[in-house]
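I opened the model in the viewer and kept these notes while going through its backbone, its helix packing and its cores. The entries follow the order in which I looked things up.

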Amino acid sequence: MKTAYEYLIGVDGGGTKTHIRVERPDGSHVADGSSGPSALMHGIGKAWDAIVTALDSAFQNAGISRPPFQAIAAGCGLSGVNNPLWATQFTEQNPGFGALAIGTDAFTTLLGAHLGQAGVVVAIGTGSVGEVLRPDGSRSEVGGWGFITGDEASGGWIGLRAANHVERVLDGRAVGGPLASAIVRFCGGGETCSASEKRERVVAWANSANQSLFAQLAPLVVAHAGQDEAALAILRKAGNEIAQIAHALDPSQQLPIALCGGLAVPLQAYLPEPLKSRAISPRANAATGALLLLRQQLAAESVGETT
């Protein structure tokens, strides 16, 4: 592929981290880089700062000096792009990249998972969303409503329910177990703390927590599901939520479906049948999907210039 750019980058920007893949125009891989969250809900400036930090880390990993932004074309799949105002602000604050293609993180995840072919993805990370690309080129999205009202089965959703379980245990409304004890410790309530101190620590943590912080409880739920009924119930409910998203996207169950995101593997065991047997691993990640989005835009622009 001939372009005016030295490098093409694909950005996977979520609520927990940012991953960047750097390629040359011919598709050869240069390096990967990462940084903190670049979801637009955290602020447009912070999103760009995270992207640049991840980009710089990629070039450092490759041992190459980063060229000026103008020599780089960027494809970005970002959480929050479905908000038109945020998408416009993000584009307007481009620090100077020579070309910019943006899409939702759901769409770039979809492109990467099936390498641009028809299929379904359910992405489960800090948040959650599902998307389908049909053989006729049409697309639909399910979920992605955001925290607190949506994002079913996500890390934030799981963590919120785990925190509520702990509150009920500390009140005496539910029976405690390994999960509740682990979360109390996570919130700063050690074994030497009194009951009132444990309550104070949990209240302080929960009142200051956002989606990303609640998502930090999800690994504790996964880790204790084998010996804690409350943890097991939360994960089984998450599996059913994923199945509902998948069915809404593809009621005929004919398209290939991939589970993606940081919680895809841990939640695989809790999917109901037949989804559990149908789900496949993604063929590539969302950063590769962002590069596909970028290459599609550059190709369309090239055709437009020659007609």
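**Entry 1, around L115.** I looked up L115 in this predicted model and found it in the loop between α3, residues 105–113, and β6. I noted a positive phi of about 50° for L115, although this residue is not a glycine. Because its relative accessibility is 34%, and buried would require under 20%, I entered L115 as partly exposed.

I then turned to the helix that L115 follows, and asked how many of the residues of α3 are buried. I found that eight of its nine residues are buried, and I therefore wrote α3 down as mostly covered. The buried ones I listed are A106, F107, T108, T109, L110, L111, G112 and A113.

**Entry 2, Q253.** I found a second entry of this kind at Q253, which has a positive phi of about 60° although it is not a glycine. I placed Q253 in the loop between α9 and β9, and with a relative accessible area of 35% I recorded Q253 as partly exposed.

**Entry 3, cis peptide bonds.** I checked omega along the backbone and noted that the peptide bond from F147 to I148 is cis, with omega near 20°. I148 is found in the loop between β8, residues 139–143, and α4. I also noted a cis peptide bond joining E273 and P274, where omega is about 5°, and I located P274 in the loop between α10 and α11, the latter spanning 275–278.

**Entry 4, α1 against α2.** I looked up how helix α1, residues 44–62, packs with helix α2, residues 84–92, and read an angle of about 50° with the axes 10 Å apart. The two helices are therefore oblique to each other, and I noted that the crossing of α1 and α2 is right-handed. Which residues make the contact? I listed I44, A47, W48 and I51 from α1, and W86, Q89 and F90 from α2. Sorted by class, the contact of α1 with α2 has six nonpolar residues, one polar residue and no charged ones. I added a reminder that an α-helix has 3.6 residues a turn, so residues three or four places apart point the same way.

**Entry 5, the cores.** I recorded 44 residues in the largest nonpolar core, and those with the most contacts inside it are V122, I158, I183, V221, I242 and L267. I noted that at least two residues of this core are supplied by each of β6 (119–124), α4 (155–171), α5 (178–186), α6 (195–208), α8 (218–224), α9 (229–249), β9 (257–260) and α10 (264–268). Its largest share, nine residues, comes from α9.

I followed L267 further and found that L267 touches I124, A153, I158, L235, A238 and I242, when residues up to four places away in sequence are not counted. Apart from this core I noted another one, of 27 residues, which includes I20, A31, I44 and L78.

**Entry 6, A209.** Is A209 buried or exposed? I located A209 in the loop between α6 and α7, residues 211–215, and since its relative accessibility is 18%, under the 20% that buried requires, I entered A209 as buried. I also paired A209 with L160, which lies 49 residues away in sequence and 9.6 Å away in space, C-alpha to C-alpha.

Technical notes
Residues numbered from 1 in each chain as written. Predicted model: local features only at pLDDT ≥ 70, side-chain atom pairs only at ≥ 80, totals over all residues. Heavy atoms only, no water. Axes fitted to C-alpha atoms, helices over the stretch in contact; angles between N-to-C directions. Parallel < 35°, antiparallel > 145°, perpendicular 65-115°, else oblique. Left-handed = near helix turned anticlockwise from the far one by under 90°. Contact = heavy atoms within 4.5 Å. Nonpolar A, V, L, I, M, F, W, Y, C, P; charged D, E, K, R; others polar. Core = buried A, V, L, I, M, F, W, Y, C linked by side-chain atoms within 4.5 Å. Buried < 20%, exposed > 50% of the residue type's maximum accessible area, 1.4 Å probe, protein only.
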